[in-house]
Amino acid sequence: MEEYHRHCDEVGFNAEEAHNIVKECVDGVLGGEDYNHNNINQWTASIVEQSLTHLVKLGKAYKYIVTCAVVQKSAYGFHTASSCFWDTTSDGTCTVRWENRTMNSATSASQVQVILLPQPPEYLELQAHAITPG
């Protein structure tokens, strides 16, 4: 496994840095390709996995969320929405829009710094029962 160093003294999300990383991943996967429905799952998975891997290698103490949509160019368009609640002084997002003559892609990378507090065992047990199908 490749080593990296944490830069815990850095606060705030560098949207330009994340944008460049994600754009390189999208270019690497989709560059030169024409839309092919049979490749969508592979393309989106590769873009998300590569972007996440490169973002994590920055060594920052963040959690990242990467989403990707690839759609065929058509007259119908494609719309999506998302919502977040976070600390705007340290968390953020970037979106990479990419297109060629046959398809469009929108990939976003969000960094969220989350502090997870330990939960008492009773809460965890109740939570596990609440999500058990039945």
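**A walk from a buried serine outwards**

Let's start at S51, which lies in helix 2. Before I go further, please keep in mind that this is a predicted model. S51 has a relative accessible area of 0%, so this serine is buried. Where does the side chain of S51 reach? It goes to the backbone oxygen of I47, at 2.8 Å. Setting aside residues up to four places away in sequence, S51 touches I21, V22, C25 and V66. If you have the structure open, helix 1 covers residues 15-30 and strand 1 covers 63-72, so you can find those partners quickly.

That takes us to the nonpolar core. As a reminder, nonpolar side chains tend to be buried together in soluble globular proteins. Here the largest nonpolar core has 21 residues, and L30, W43 and L55 are the ones with the most contacts inside it. Which elements give two or more residues to this core? They are helix 1, helix 2, strand 1, strand 2 and strand 3, the last of these spanning 103-112. Helix 1 gives the most, with 6 residues.

Let me stay with L30 for a moment. Leaving out neighbours within four places in sequence, L30 is in contact with W43, I47, V70, W98, N100, M103 and S105. You will recognise I47 in that list: its backbone oxygen is the one that the side chain of S51 reaches.

Now for the aromatics. How many aromatic pairs does the structure hold? There is 1. The partners are Y62 and Y64, with ring centres 6.1 Å apart and planes at 80 degrees, so we call the pair edge-to-face. The cut-off behind that name is an angle of over 60 degrees. Is Y62 buried or exposed? Y62 is buried, at 12% relative accessibility, and Y64 is buried too, with a relative accessible area of 15%.

Next, charges. The whole structure has 4 salt bridges, and I'd like to show you some of them.

Take E17 and K60, whose closest N and O atoms are 2.8 Å apart. E17 sits in helix 1, while K60 is in the loop between helix 2 (40-56) and strand 1, so this salt bridge ties together parts that are 43 residues apart in sequence. What about accessibility? E17 is partly exposed, at 26%. K60, on the other hand, has 9% relative accessibility and counts as buried, because the cut-off for buried is under 20%.

K23 and D27 make a more local example, if you like: their side chains meet in a salt bridge at 2.9 Å, N to O. Both are in helix 1, and being 4 residues apart there, they are separated by about one helical turn. K23 is partly exposed, with a relative accessible area of 35%, and D27 is partly exposed as well, at 30%.

My last pair is E99 with K73, where the closest N and O atoms are 2.7 Å apart. This salt bridge links distant parts of the chain, with E99 in strand 2 (residues 92-99) and K73 in the loop between strand 1 and strand 2, 26 residues apart. E99 counts as exposed at 53% relative accessibility, whereas K73 is partly exposed at 33%.

So, to recap the route: we began at buried S51, went through the core of 21 residues, stopped at the edge-to-face tyrosines, and ended at the salt bridge between E99 and K73. Thanks for listening, everyone!

Notes. Residues are numbered from 1 along each chain as its sequence is written. This is a predicted model: local features need pLDDT of at least 70, side-chain atom pairs count only at pLDDT 80 or more; totals for chains, interfaces and linings use all residues. Side-chain values use heavy atoms; hydrogens and water are left out. Rings of Phe, Tyr and Trp (its six-membered ring) pair if their centres lie within 6.5 Å; planes under 30 degrees apart count as stacked, over 60 as edge-to-face and the rest as tilted. Buried means under 20% relative accessible area, exposed over 50%, partly exposed in between (1.4 Å probe, protein chains only). A polar contact is a pair of N or O atoms within 3.5 Å; within protein, one must be able to donate a hydrogen and the other to accept it, and residues adjacent in sequence count only if both atoms are side-chain atoms. Contact means heavy atoms within 4.5 Å. A nonpolar core is a set of buried Ala, Val, Leu, Ile, Met, Phe, Trp, Tyr and Cys residues joined through side-chain atoms within 4.5 Å.
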